[in-house]
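Q: Please take a close look at one helix of this predicted model, and set out what surrounds it in the rest of the fold.

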Amino acid sequence: MEAPCINKNRTELWKTDALKSVDYYNEWFMSFAPKAFCDARRGLIDKVQQVMQETAYLSQITVENIKQHPGMLSILRMATAPPLALDRLAGLSHTSRSLIKRLEENKQPSRISEAELASHLNRIIDILQKLLDVDMLSWLPKETTPGKHEALRSASIIADRLCSTLADPIIRNEQEARQLRAISAYLETRGYTFLKPDDVEDFRQMPEHTFTYHLNIPVGLSAELRVNIPIDVAIMRERQSECNYPLLIECKSAGDFANTNKRRKEEAIKIYQLRATYGNDIIFMLFLCGYFDTSYLGYEASEGIDWIWEHRMEDFDKLNL
């Protein structure tokens, strides 16, 4: 079942649609981004307060503390003056970036002895203790315990600093969730059923009128060269033959033009890998919202990639869903 041309050949609409998409994104950002930040900040304040309790309000940062709760490092970096970027802490402590990153992901480093890990952590702790923001953590020089209000104020400042470093991931996660909700709502009103990706053994054998998210699809012409590529949405329409493939959709939401044009080759690489493995019958499309200008659209169209705008969901009606 071929997909009809949706937008890639409608060049007369590209400029207008690009502007409408920017407006749609900006309206969403102003309405929902502050809530996303507030929710993230609230959660981070709770985490900072927990770290304060585990370290006697940052007066007892020890190797054992970090080994038991390695994720606290990202919070401790924000308690210094100035706040330390991950790479900066790695450089100052003569520690590898990968080790700190793994710890901040709340994972224990692999292929390193306990003695080596303790050595790394001691150097990290030494830098952190030298740079702790004593103006914010005013109880440390006095060797006292902060009052409830003082501790909350400092936890809020640290959470704000951490939230700023996580701004882009927070927005990206919220964007993806919004787009997946929009597609789900469209499909469910048309009788489609959601499948968990773990329940999909072979994407080619998905039942009719089902869909799933975050599916890994193997590509490569031989077992030795085979790799998985992630696909945001797979939709199995009504089968017209035994070799039908699901419709594959990549969700793209962006808050600036520069980043989309820098990364526009990613989709071209995906469609090349998919077609090289499964043939030209496989359908790969984009679901766009935000800053996608005519340069980006022209590039994707030249690669044979079509798209649907989030601000005009009725374009999905043309896909015989």
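A: A residue is taken as buried when its relative accessible area is under 20%, and as exposed when that area is over 50%. E267, in helix α11, which spans residues 265-278, has a relative accessible area of 1%, and because that value falls under 20%, E267 counts as buried. The model in which this is seen is a predicted one. The side chain of E267 has a polar partner, for it makes a polar contact with the side chain of Y296 at 3.4 Å. Once neighbours within four places in sequence are set aside, the residues in contact with E267 are K252, F284, L286, Y296, E300 and I305, so that Y296 appears both in this list and as the polar partner.

K270 also lies in helix α11. The relative accessible area of K270 is 13%, and K270 is therefore buried by the limit of 20%. Leaving out residues up to four places away in sequence, K270 touches I229, P230, E250 and F284; F284 is thus a contact of K270 and of E267.

Helix α11 also takes part in the largest pocket, since it is one of the elements that each supply at least two residues of the lining, the others being α1, α9 (167-188), β4 (247-254) and α10 (257-262). About 700 Å³ of space lies in this pocket, and of its 26 lining residues R172, Q175, S253, N259 and R263 are the closest to the centre. Helix α9 gives the largest share of the lining, with seven residues. By class, the lining comprises eleven charged, eight polar and seven nonpolar residues.

The wider setting is given by the nonpolar cores. In soluble globular proteins, nonpolar side chains tend to be buried together. Here the largest nonpolar core has 40 residues, and L73, L76, I124, L137 and I158 are those with the most contacts inside it. The elements that give two or more residues to this core are α1 (11-54), α2 (63-68), α3 (73-77), α4 (86-93), α5 (97-104), α6 (114-131), α7 (139-142) and α8 (148-165), a list in which helix α11 does not appear. Apart from this core lies another, of 29 residues, which has V200, L248, F292 and L297 among its members. Within the largest core, L137 may serve as an example: not counting residues up to four places away in sequence, L137 touches M52, L58, A79, L132, S154 and I158.

Definitions and conventions: Residues numbered from 1 in each chain as written. Predicted model: local features only at pLDDT ≥ 70, side-chain atom pairs only at ≥ 80, totals over all residues. Heavy atoms only, no water. Helix = DSSP H or I, 4+ residues; strand = E, 2+ residues; numbered from the N terminus. Buried < 20%, exposed > 50% of the residue type's maximum accessible area, 1.4 Å probe, protein only. Polar contact = N/O pair within 3.5 Å; in protein donor to acceptor, adjacent residues only side chain to side chain. Contact = heavy atoms within 4.5 Å. Core = buried A, V, L, I, M, F, W, Y, C linked by side-chain atoms within 4.5 Å. 1 Å grid on protein atoms, 1.4 Å probe; cavity = no way out; pocket = protein on both sides within 12 Å on 5 of 7 lines; lining within 4 Å. Points joined across faces, edges and corners; volume = space filled by probe spheres on them. Nonpolar A, V, L, I, M, F, W, Y, C, P; charged D, E, K, R; others polar.
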